[in-house]
Amino acid sequence: MKKRIVLLLLVLLALVTIVGFSGCSKDDKAAASDSATEQKASAAETGYTEEEIAANLSLHEVYKYLDDTAFGGVTLPVIQDRSGIEKNLPVEKKSKVTIGWACPSMGSSYFAGIKIGAEAQSKKYGYDLKFLIADNFNATKMSADIESLVTQKVDILVVDPCDTQANLIDVKRAVKAGIPVVASGVPFDQSAPVITTVVSNNYEGGFQTAKYAAQKYTDDVKVIIIPGMLGHPVSNSRVNGWMAGWVYGKQIQAGTAKDYREDAMLEGYRYYKELVEKGKVDMSKYGAMIGGSANGGFNEVDGMAAAEDLLTANGDTTVIFAENDHMGIGAAKVLSQRGLSGKVQIYTAADGDKKALEMVRDGELATTGYNNPVVIAKRVIDLIHMMYAEGYDANNMPIITQLPVEVIDSSKAANYIVSNSEYAKELDVPFYTIEERNAE
């Protein structure tokens, strides 16, 4: 009886976004049967019926795993209130603001874009920016940088964490010292005392890219995966998202997809865990074999090395998922050297800078994803300005304020290229409170 009461309350609170698909055939009875079996197993584990889960997706088993960094960007259908978390928000308006920014690296054009955007928008508002760089994702160095910025008594701190667990301790110390914190790049847990995280949705980027790719193939494919660094929250999220997106894309193609995707997310998560454990995954149920993965270090040189090793071990590769453009560009060079250009397709989920956009336009990469770092940094500074100059109440914002999720293929790439910039055109990133977000 209590369970039913809780369910009714949750149904009243929940706003479930239903993604509908039309024109799908019902010709894959085996896949439909498998999917139904898995849903029943999921329902059994949660203690709710299939009908109850469908009515309120917050009850779905997949949401039990949100504390895993592989779900970075995923939230409950109804976002939990964060107003009770002490964030030491500014209490009075201020025209001169000193911003401390802790950045994990300068090893790619992404972080160069972060610095460009932060400097440009700070200059626009007349703010003092203290921008410190850790040594290639060194969490210990970042801790020292944050401590230095706190000691300098900056007004507000921006943290793009190297390690969300280790650097959370630093964030808590800053907030305790009276310095509010905005995150960038990688979201902390929603219980962290940060105002919000301005970021691309890493899980969603992987998911949507794979959903797009899966429907391009009717024959079985061999896939190799090049993450930046499995174990890093960004890589975990994009790869986990890719697995789930591939499952859902194939379900759409077969006409067996449900109106909601949580079953596919759960199944994809199980495939992701298998990849981490075994290095290979049999996804033949969904027309794919994952032949292996190798870290590409988020950069072109290591991406080339990873592609060389993986292609040597998997000569029948059809598809490469390279988590970001730099590694995808490295893989494209290897394909060219081996005479495989056009025969193997490379899908990337980020970052959509000019070089990658041109390669997508010209067919050297199949996709990229929107992840403009200049926009991320500018919007962080905009939020700071809103709080200090306009009195914006940021006490109950979602842990993630995300960029638009865009899978950019050859038909779209030219629309994102800006002649006088190395980065994609700037899209708007609106700010919401949790109440506003849930109301959507």
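Contact here means heavy atoms within 4.5 Å. With that in hand, open the predicted model and start inside the fold.

**Stop 1: Ile320 and its core.** Select Ile320. Setting aside neighbours within four places in sequence, Ile320 is in contact with Ile224, Ile226, Ala331, Leu335, Val344, Gln345, Ile346 and Tyr347. Now widen the view to the largest nonpolar core, which has 57 residues. Ile320 is among those with the most contacts inside this core, along with Trp101, Ile156, Ile226, Ile384 and Met387. Colour helix 13 (residues 373-390) next: its 10 residues make up the largest share of this core. Apart from this core lies another, of 40 residues, including Ala210, Ile225, Tyr286 and Phe321.

**Stop 2: helix 7.** Ala210 is also one of the buried residues of helix 7, so-called residues 202-214. How many of the 13 residues of helix 7 are buried? The count is 12, and the helix is mostly covered. Among the buried ones you will find Asn202, Tyr203, Glu204, Phe207 and Lys211. To see what covers them, show strand 5 (197-199), helix 8 (233-254), helix 9 (262-278), strand 10 (345-348) and strand 13 (407-408), which are included in that cover. If you like a quick geometry check, place a distance between the end C-alpha atoms of helix 7: they are 18 Å apart, which agrees with the 18 Å expected for 13 residues at 1.5 Å a residue.

**Stop 3: the largest cavity.** Stay with helix 7, since it gives 3 residues, the largest share of the lining of the largest cavity. Select Ser200, Asn201, Gly205, Ala349 and Tyr370, which lie nearest the centre of this cavity among its 16 lining residues. The space inside is about 110 Å³. What is the make-up of the lining? It divides into 7 nonpolar, 7 polar and 2 charged residues. In the whole model there are 3 cavities of 30 Å³ or more.

**Stop 4: backbone details.** Most residues other than glycine have a negative phi, and most peptide bonds are trans. Three places are worth a click with that in mind.

- Ala350 to Asp351: this peptide bond is cis, with omega near 25°. Asp351 sits in the loop between strand 10 and helix 12 (354-361).
- Asn136: phi is positive, about 50°, although this residue is not a glycine. Asn136 is in the loop between strand 2 (128-133) and helix 5 (139-151). Is Asn136 buried or exposed? Its relative accessible area is 59%, over the 50% cut-off, so Asn136 is exposed.
- Phe137: in the loop between strand 2 and helix 5, Phe137 has a positive phi of about 65° and is not a glycine either.

Terms used: Residues are numbered from 1 along each chain as its sequence is written. This is a predicted model: local features need pLDDT of at least 70, side-chain atom pairs count only at pLDDT 80 or more; totals for chains, interfaces and linings use all residues. Side-chain values use heavy atoms; hydrogens and water are left out. On a 1 Å grid over the protein atoms alone, a cavity is a set of points where a 1.4 Å probe fits but cannot get out, and a pocket is an open set with protein on both sides within 12 Å along at least five of seven lines; lining residues have an atom within 4 Å of a point. Grid points are joined across faces, edges and corners, and a volume is the space filled by probe spheres set on the points. Helices (H or I, at least four residues) and strands (E, at least two) are DSSP runs, numbered from the N terminus. Ala, Val, Leu, Ile, Met, Phe, Trp, Tyr, Cys and Pro count as nonpolar, Asp, Glu, Lys and Arg as charged, and the others, Gly among them, as polar. A nonpolar core is a set of buried Ala, Val, Leu, Ile, Met, Phe, Trp, Tyr and Cys residues joined through side-chain atoms within 4.5 Å. Buried means under 20% relative accessible area, exposed over 50%, partly exposed in between (1.4 Å probe, protein chains only). The expected span of a helix is 1.5 Å times one less than its number of residues.
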